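Student: Please take me slowly through one part of this model. I'd like a close look at a single spot, and then at what goes on around it.

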Amino acid sequence: AYVTGIAYLKLNEVALVFAPNRRVVALPDDLASQVTRVPRTTAAGTPGELLVVHRRDGSATAPWVIFLHGNAANVTTGGNVSRYRQLLDLGAHVVAPEYPGYGRLDGAPSEAGAVAAARDAWAWLRATGVAPDRIVIYG
């Protein structure tokens with residue numbers, strides 16, 4: 001029974017751990033004007049996309065939050081949109097990477113894909129000149 005249980009868990013690991021949300025919701029008009037979608041290819045070679053939400057004042061010195069959404073969500077899920085607003089109200093810009101297999105992205109969900117998406121968001125911010133001491137990871 002023990003071996004059967006381990007075999008079941010191993011064979012169904014991805015389905016038990018990941019519950020990708022593929023339903024993309026249109027962002028509210030007032031927030032959509034602050035959003036840029038940045039298509040990416042991660043260092044792991046998987047397709048990626050960053051949802052970049054800028055503060056209205058465009059502050060060049062404001063902190064950035066890398067927002068890593070939870071399971072059963074994606075970058076357009078209502079709860080995440082509410083958090084983007086909260087982070088903007090706190091004075092930060094937001095970059096939210098989408099994971100392979102979630103939202104509009106093809107691919108299979110996996111831990112490696114989620115990690116690659118998070119690392120890609122960090123690399124993108126650094127490449128655009130954001131100093132590490134101005135980046136916060138949330139999620």
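Student: What percentage of the 139 residues in the chain is buried? And once I know that, please zoom in on the largest cavity: which residues line it?

Tutor: Sure, let's do it. Keep in mind that this is a predicted model. Buried residues make up 40% of the 139 residues in the chain.

Before zooming in, get your bearings. Five helices and five strands make up the secondary structure, and starting from the N terminus they come in the order α-α-α-β-β-β-α-β-α-β. If you draw a box around the C-alpha atoms along the principal axes, its sides are roughly 60 × 30 × 25 Å.

Now for your spot. The structure holds one cavity of 30 Å³ or more, and the space in the largest cavity comes to about 30 Å³. Try picking out its lining in the picture: you'll want V24, R37, E49, N74, V75, T76, E98, G103 and R104. Sorted by class, that lining has two nonpolar, three polar and four charged residues.

Let's stay with the charged ones for a moment. Side chains of opposite charge can pair when their charged atoms come close. Look at R37 and E49: their side chains meet in a salt bridge, with 3.0 Å from N to O. R37 sits in strand β1 (residues 35–41) and E49 in strand β2 (residues 47–53), so this pair links distant parts of the chain, twelve residues apart. How covered up are the two partners? E49 has a relative accessible area of 9%, so it counts as buried, since the cut-off for that word is under 20%. R37 has 28%, which makes it partly exposed. There's a third player as well: R37, E49 and R104 are linked in a network of salt bridges. R37, E49 and R104 are also on the list of residues that line the cavity, so find them there and you have the network in view.

From here, follow strand β1 outward. R40 is in strand β1 too, and it pairs with D120, which lies in helix α5 (residues 111–127); the two are 80 residues apart in sequence, so the bridge ties together separate parts of the chain. The N to O distance in this bridge is 2.9 Å. D120 is buried at 7% relative accessible area, while R40 is partly exposed at 25%.

A further bridge is worth finding. D30 and R85 form a salt bridge in which the closest N and O atoms are 2.8 Å apart. D30 belongs to helix α3 (residues 29–32) and R85 to helix α4 (residues 78–89), so parts that are 55 residues apart in sequence get tied together. Here both partners are partly exposed: D30 has a relative accessible area of 39% and R85 has 29%. The total for the structure comes to seven salt bridges, including the ones we've just visited.

Helix α4 also gives us a handy signpost for an odd backbone angle. In the loop between β3 (64–67) and α4 you'll find A72. A72 has a positive phi of about 65° even though it isn't a glycine. That's worth a second look, because most residues other than glycine have a negative phi. A72 is partly exposed, at 46% relative accessibility.

Finally, swing over to the start of the chain for some contrast with the charged pairs. Y8, L9, L16 and V17 form a nonpolar patch on the surface, and together they have about 410 Å² of accessible area. The elements giving two or more residues to this patch are α1 (2–11) and α2 (13–17). Take V17 as an example: it belongs to helix α2 and is partly exposed, with 47% relative accessible area. In the loop between α1 and α2 sits N12, which is partly exposed as well, at 27%. To get a feel for distance, go from N12 to A117: they are 105 residues apart in sequence, and their C-alpha atoms are 23 Å apart in space.

So, back to your spot. If you keep one picture in mind, make it the cavity with R37, E49 and R104 in its lining, and the salt-bridge network that links those residues.

How values were computed. Residues numbered from 1 in each chain as written. Predicted model: local features only at pLDDT ≥ 70, side-chain atom pairs only at ≥ 80, totals over all residues. Heavy atoms only, no water. 1 Å grid on protein atoms, 1.4 Å probe; cavity = no way out; pocket = protein on both sides within 12 Å on 5 of 7 lines; lining within 4 Å. Points joined across faces, edges and corners; volume = space filled by probe spheres on them. Nonpolar A, V, L, I, M, F, W, Y, C, P; charged D, E, K, R; others polar. Patch = residues over 30% accessible without salt bridge, like charges linked within 9 Å, V, L, I, M, F, W, Y side chains within 5 Å. Areas by Shrake-Rupley, 256 points an atom, 1.4 Å probe, with all protein chains shown as cover. Salt bridge = Lys/Arg side-chain N within 4 Å of Asp/Glu carboxyl O. Helix = DSSP H or I, 4+ residues; strand = E, 2+ residues; numbered from the N terminus. Buried < 20%, exposed > 50% of the residue type's maximum accessible area, 1.4 Å probe, protein only.
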